[in-house]
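Q: Got a minute for this model? I'd like to go through its salt bridges, then a helix and a hairpin.
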Amino acid sequence: IYVSDIVYIVITEQADKRFVKELFGRYISPQIANEIVSRADSGQLQLGGEQREVSVFFADIRGFTRISEQLSPEAVMQMLNTYLSVIADSVVQHDGIVNKFVGDNIMAVWNAPQSQPDHALLAVKAAWEAQQKLAELRQRDNRPLPVQFGIGINTGVAVAGNVGSAGRSEYTVIGDSINTASRICSATPG
């Protein structure tokens, strides 16, 4: 009976971990979900992070306010989901992590939390592929105003880890190199 109880507990704990990873995976990348579960298991889930070189990618719709003023809120949501999915798919296909969506903006990261020696090249490949797929989508889409994205990429040192409060935190990257990527994105045309 004791052995049966131990086996049952182990199987139940593994099933619970799989459930948590799958649930997190809908809201955060599977890599970050795995990192959170791993750190929680070892008692290392806390605010703060580590310095590391990362490549970060921002993509933002040009003229979003003007486009959204011509559509219903439901149509804006549908348009965002369609276009952001194209970019997110390109990021994931090139081993990036979608860090967050903020309105019409998407942020992705390479080389955190896992190491990737060719992270800068992967980020550029993801951006190139995303722009190609977005161009194809625009040709099929018959919107009066075309949906175009500016993309900014930068590689540099950042702090990767948990930021927030004791009650709610988020895994992200922070630093001047991240701010530079955001500024590059703001300066790029669609």
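A: Sure. A salt bridge here is a side-chain nitrogen of Lys or Arg within 4 Å of a carboxyl oxygen of Asp or Glu. Keep in mind that this is a predicted model.

Q: How many salt bridges by that rule?
A: The count comes to four. Among them, glutamate 170 and lysine 100 meet through their side chains at 2.7 Å, N to O.

Q: Which parts does that pair tie together?
A: Glutamate 170 is in strand E5 and lysine 100 in strand E2, so the pair links parts 70 residues apart in sequence.

Q: And arginine 52, which partner does it meet?
A: Glutamate 50, at 3.0 Å, N to O. Arginine 52 is buried, at 13% relative accessible area. Glutamate 50 is partly exposed, at 35%.

Q: Where do lysine 133 and glutamate 129 lie?
A: Both lie in helix H5, four residues apart, about one turn of the helix. They form a salt bridge, with the closest N and O atoms 3.2 Å apart.

Q: Staying with H5, which of its residues are buried?
A: Leu122, Ala126, Leu134 and Leu137 are among them.

Q: Why do the buried residues line one face?
A: Seen down the axis of H5, they fall within an arc of 135°, so they share one face of the helix. On the other side, Trp128 and Gln139 are exposed.

Q: New topic. How do E2 and E3 run, parallel or antiparallel?
A: Antiparallel, joined by five bridges. Isoleucine 97 stands opposite valine 109 in E3.

Q: What about the turn of that hairpin?
A: Two residues sit between E2 and E3. Glycine 103, in the turn, has a positive phi of about 60°.

Key. Residues are numbered from 1 along each chain as its sequence is written. This is a predicted model: local features need pLDDT of at least 70, side-chain atom pairs count only at pLDDT 80 or more; totals for chains, interfaces and linings use all residues. Side-chain values use heavy atoms; hydrogens and water are left out. Buried means under 20% relative accessible area, exposed over 50%, partly exposed in between (1.4 Å probe, protein chains only). The arc is that of the directions from the helix axis to the C-beta atoms. Two strands pair if DSSP finds at least two bridges between them.
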